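Visitor: Could you take one part of this model and walk me through it closely? I'd like to see how its residues sit, and then how the part fits into the whole.

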Amino acid sequence: MKLAIIGTGMIVKEVLPVLKTIDGISLVALLATPRSITLAEELAKSYGLGQVTSDYDALLANSEVDTVYVAVPNHLHYAYAKKALLAHKHVICEKPFTLKASELEELAKLAKERNLILLEAITNQYLGNFTFIKENLQQLGQLKIVTCNYSQYSSRYDAFKAGEIAPAFDPKKGGGALRDLNIYNIHLVVGLFGPPKMVQYLANLEKGIDTSGLLLMDYEDFKVVCIASKDSSAEIRTTFQGNKGSLSILGPTNSLPQVCLTLNGQEPQLMDKNSPHHRMHDEFVAFERIIATRDVEKAQKALEHSQAVMAVLEEAVTSIT
């Protein structure tokens, strides 16, 4: 994979040292806004990227680049991903994939027509603890209740209250608790159980944005509540409850740091099946293999999962408007 990175935000600074350690990934280019070009040049020097530019067309014209990683604010995902596909580049896009399901459908069609790989960077689907959970849920017997809580007081919330609207709190830019935090809960649940029968989102709205909310998903035989908050904090924990026991994730659903299995009448079993690497390592190892081997079947399965998540997001947004 000869990778170009779009953006210089927090996620890019976090992923660059991870990407540098993965065999098969060559860091080629970095796109920045004109005001962030100095930062981009510093990052490029540190991590060996040969091209730094604020001209997206120039980056896409670089024949050394075969894959683009889109890591810009949510509302820009669709446009940057589409332009990369039209330039015949594979695309890895940060979550949430797009703001509308129709936009993702269009991207999927473009990728298929051009025989390109299109993937969403969603960490939890590639972690060892996700696999453990999927393989051991049957130990809980008949599942009854799933609760996910990913609540953390945002460092930008006070400024938002004072009138300074960052992208993370801007409804026009895909901000809000649903797309920023609850998206991880949704990916986890849909990754384990597929699409729900019903979705409803009960949001706390401030200045037109959901600063926190409860997402309800009905799977007929069991019910799911996904909580996310940027305006308050709580213990970050997910619990699956069945008639033979429970399984808890102790920590956020983007990293699944520890799992605790407690069967009826038995002592809790605390475990961690994740690799020792950074939470973004395993997904990019998978992406590199998929692109290197042109594993269309694996890519399509991942894309179908992302489309199912996008359908939940869209139904959730519709339920509050």
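**A close look at helix α2**

Guide: Let's go for helix α2, residues 37-47, where A40, L43 and A44 are buried. Seen down the axis of α2, those buried residues fall within an arc of 100 degrees, so they line one face of the helix. That fits the usual geometry: an α-helix has 3.6 residues a turn, so residues three or four places apart point the same way. Keep in mind that this is a predicted model.

What do the buried residues of α2 pack against? Their partners are α1 (10-19), β2 (26-31) and β3 (51-53). Swing round to the other side of α2 and you meet K45 and S46, which are exposed. Just after the helix comes G48, with a positive phi of about 75 degrees.

Now zoom out. Helix α2 belongs to a chain with 10 helices and 14 strands. Of the 321 residues in that chain, 54% count as buried. A compact globule with 321 residues would have a radius of gyration near 20 Å, and the chain agrees, at 20 Å. Along the principal axes, its C-alpha atoms fill a box of roughly 60 × 45 × 35 Å. Take the contacts in the chain with a separation of 6 or more: residues 24 or more positions apart account for 67% of them.

As for the outside, the chain exposes about 14,200 Å², with carbon and sulfur atoms supplying 50% of that area. The chain has 32 positive and 36 negative charges, and the mean positions of the two sets are 1 Å apart.

Methods. Residues numbered from 1 in each chain as written. Predicted model: local features only at pLDDT ≥ 70, side-chain atom pairs only at ≥ 80, totals over all residues. Heavy atoms only, no water. Buried < 20%, exposed > 50% of the residue type's maximum accessible area, 1.4 Å probe, protein only. Helix = DSSP H or I, 4+ residues; strand = E, 2+ residues; numbered from the N terminus. Arc of directions from axis to C-beta. Contact = heavy atoms within 4.5 Å. Rg over C-alpha atoms; globule rule 2.2 N^0.38 Å. Areas by Shrake-Rupley, 256 points an atom, 1.4 Å probe, with all protein chains shown as cover. Lys, Arg positive; Asp, Glu negative; His and termini not counted. Charge placed at Lys NZ, Arg CZ, Asp CG, Glu CD.
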